[in-house]
Amino acid sequence: MDAPFTMLYYNYNCGRIFRKVCIFSDRLFLSCYSEAEKKTTLDQALRGVLGDLIVRNAYVCSTAGICSATTPFVLLGDVLDCLPLDLCDKIFSFVEENVSTWKSNSFYTAGKNYLLRMCNDLLRRLSKSQNTVFCGRIQLFLARLFPLSEKSGLNLQSQFNLDNITVFNKNEQESTLGQKHTEEKEDGMEVEEGEMGEDDAPAPCSIPIDYNLYRKFWTLQDYFRNPVQCYDKFSWMTFLKFSDETLAVFKSYKLDDMQASKRKLEELRASGGEHVYFAKFLTSEKLMDLQLSDSNFRRHILLQYLILFQYLKGQVKFKSSNCVLNDDQAAWIEETTKLVYQLLREIPPDGDKFATMVEHILNTEENWNAWKNEGCPSFVKERYSNDKPKRPMRKRQAPEDFLGKGPDRKLFMGNDELTRLWNLNHDNMEACKSDSRSFMPSLDEFFAEAIEQADPANMVEEEYKVVRNPNYGWRALRLLSRRSPHFFQPTNQKFKSLADYLDSMVSKLAKELPKDIPSEEIKTGEEDDDDNGDNLLKDSNDSPSIQSKLVTNQQMDDVAAKLGARWKVLASHLEVKAAELREIETDSEDVDMQAKLLLVAWQDREGTQATVENLVTALNAAGFSQIADSLSEA
């Protein structure tokens, strides 16, 4: 059957089938099926016929809401899977033309995964060297379809294309370099496009090209392919040696005569031909001298050096901890970078302009790397509109409107202990003025013990005297400033420490105070505070024994066993620092032991304040009320 007749017959059948589908859909819509059942049935009918016409009609049907939004993408995948690459190129043009439609709200969510899978399948079928343009169109389509912050299109872990292997002659026995070829070309041998003729041949190379230079030059491509090798000591030495020899060749062999290249470029522009480029390097030994004299080839190699150096020096989030340059490596890279930029400026045409552009692009790449290291935050910032209706302002309530509300006129402070203390008295200000709130002891009561210890007959050593206690000394100074006239009397006597000053004050007070103070009646200010405070705390549920009792080791063991793996919840309420938590996790892997170490660290820090009452308060605040109740009962 002739090709035109076949195409006509195919289009006739497609039109006939599509008309049947439309008639079927009209009848279907007249029936009593639900919307979901109608769309499912039509989806299956459209998938039964493949072709560009059906894809376009499915797109129209989906846009009109007749079938589901995923149908065009499913049909596209089926069509591209069964057609040859030249027809896939034509159908993909339809996909490119409607990229704005695919990005709309009705299609993007339903079809983004289908489009990504379809493009990846096409890329696997295409050859990067023979179908370079088609591959580039697919990549550009994906870049236009997905937002810039789409992580599926980003190389977040800095992985390299290790499959990009440059093949060259590694057998020196088969090498033809160094041999003088005097034979002329065989008759009928065609000259490949891109080869230089006799008139365009470059000047003879001043550096002899042998197999060693050829091997070292192309071996560098393996380091450009996988830069992680440079962090290995022996691989770095090889890379350093080969790079120095290659750059020495570039430095010694200047490209001065560019007339042939300029003439070819002008002829190419005049003929309106397409830009000529190659996806892979040509590694033939016969082309080595021609490649060294080609400006674009040199620029490719030098640009590879700059990209490699930027990766080695840059801060990449997913780099291994072993991937660190030493001082010598960093200094060599810095020096070689300057040499590479110098060589780029010396390559005609427009070497200075090209080097400046490359430097600008690589500096911009630093911002891109920093953005990826930060987790790829979105570039789109939400705009806060001021058009929102403002909430009506309510008049602020007076304190008497909300204080003391409730059946028992109780004010809740957000914490059980604060609520209990605040509601001990109806009027807290009047309670503070009560005579029972006067906790200041008298001079004879407070200094009775110090006077007794100051008597030589009692034979109390200096280090055990109460005046040596810094806490006692601070309270004594406050009491003397309020009750004793000796505190404000000037004196020429110099004291080395606070204890010496208190000894002199105790000797003065001993002469003024009565001598018959029984030792059993001596009370400290702290005991007096507890006695006078019982009048206001008589309604409290906490007993004095619990308030003053220190936590024992047995109690800490019981609490630690009940806490178990939840000990970190209590840590924040005990005000334990993060560094101490890390030490606890390092010291033991047993959760019960970790809980016990937490309580021990709290006890060491609080000292005499590590009481049962404080631990019960922290347990209640952390939500362990049952453990707190059992501790209180014990």
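These are my notebook entries on helices, helix packing, cores and loops in a predicted model.

**Entry 1, overall content.** I began with the secondary structure and found 30 helices and 0 strands. I then looked up burial: of the 634 residues in the protein, 33% are buried. For contacts between residues at least 6 apart in sequence, I noted that 72% join residues at least 24 apart.

**Entry 2, α5 and α7.** I looked up how helix α5, residues 85-97, packs on helix α7, residues 105-125. The angle is about 150° and the axes are 12 Å apart. Angles over 145 degrees count as roughly antiparallel, so I logged α5 as roughly antiparallel to α7. The crossing of α5 over α7 is left-handed. On the α5 side I listed L85, C88, F92 and V95 as the contact residues. On the α7 side they are L115, M118, C119, L122 and R125. By class, this contact holds 8 nonpolar residues, no polar ones and 1 charged.

**Entry 3, α27 and α28.** I repeated the lookup for helix α27 (578-587) and helix α28 (591-606). Here the angle is about 140°, with the axes 9 Å apart. That value makes α27 oblique to α28. I recorded the crossing as right-handed. From α27 the contact takes E580, L581, I584, E585 and D587. From α28 it takes Q594, L597, L598 and A601. I sorted these residues into 5 nonpolar, 1 polar and 3 charged.

**Entry 4, nonpolar cores.** A background note for this entry: in soluble globular proteins, nonpolar side chains tend to be buried together. I looked up the largest nonpolar core and found 47 residues in it. The residues with the most contacts inside this core are W236, F239, F250, L302, Y305, L312 and L344. At least two core residues come from each of α9 (211-225), α10 (233-252), α12 (288-292), α13 (295-313), α14 (327-346) and α15 (351-373). Helix α13 gives the most, with 9 residues. I then took L344 alone and left aside its neighbours within four places in sequence. The contacts of L344 are then R299, L302, L306, G351, F354 and A355. I also logged a second, separate core, which has 27 residues, L570, L619, I627 and L631 among them.

**Entry 5, the loop between α14 and α15.** I looked up the peptide bond joining P348 and P349 and found it cis, with omega about -5°. P349 is in the loop between α14 and α15. D350 is also placed in the loop between α14 and α15. Phi of D350 is near 55°, which I flagged as a positive value in a residue other than glycine. The relative accessibility of D350 is 56%, and exposed means over 50%, so I entered D350 as exposed.

**Entry 6, M459.** I found another positive phi outside glycine at M459, near 55°. M459 sits in the loop between α20 (448-454) and α21 (470-483). With 72% relative accessibility, M459 counts as exposed.

**Entry 7, F446.** I placed F446 in helix α19, residues 443-446. Its relative accessible area is 5%, and the cut-off for buried is under 20%, so I entered F446 as buried. I also checked the pair F446 and R475, which are 29 residues apart in sequence. The C-alpha to C-alpha distance between F446 and R475 is 9.5 Å.

Key. Residues are numbered from 1 along each chain as its sequence is written. This is a predicted model: local features need pLDDT of at least 70, side-chain atom pairs count only at pLDDT 80 or more; totals for chains, interfaces and linings use all residues. Side-chain values use heavy atoms; hydrogens and water are left out. Axes are lines fitted to C-alpha atoms, for helices over the stretch in contact, and angles run from 0 to 180 degrees between N-to-C directions. Helices (H or I, at least four residues) and strands (E, at least two) are DSSP runs, numbered from the N terminus. Angles under 35 degrees count as roughly parallel, over 145 as roughly antiparallel, 65 to 115 as roughly perpendicular and the rest as oblique. A crossing is left-handed if the near helix is turned anticlockwise from the far one by less than a right angle, and right-handed if clockwise. Contact means heavy atoms within 4.5 Å. Ala, Val, Leu, Ile, Met, Phe, Trp, Tyr, Cys and Pro count as nonpolar, Asp, Glu, Lys and Arg as charged, and the others, Gly among them, as polar. A nonpolar core is a set of buried Ala, Val, Leu, Ile, Met, Phe, Trp, Tyr and Cys residues joined through side-chain atoms within 4.5 Å. Buried means under 20% relative accessible area, exposed over 50%, partly exposed in between (1.4 Å probe, protein chains only).
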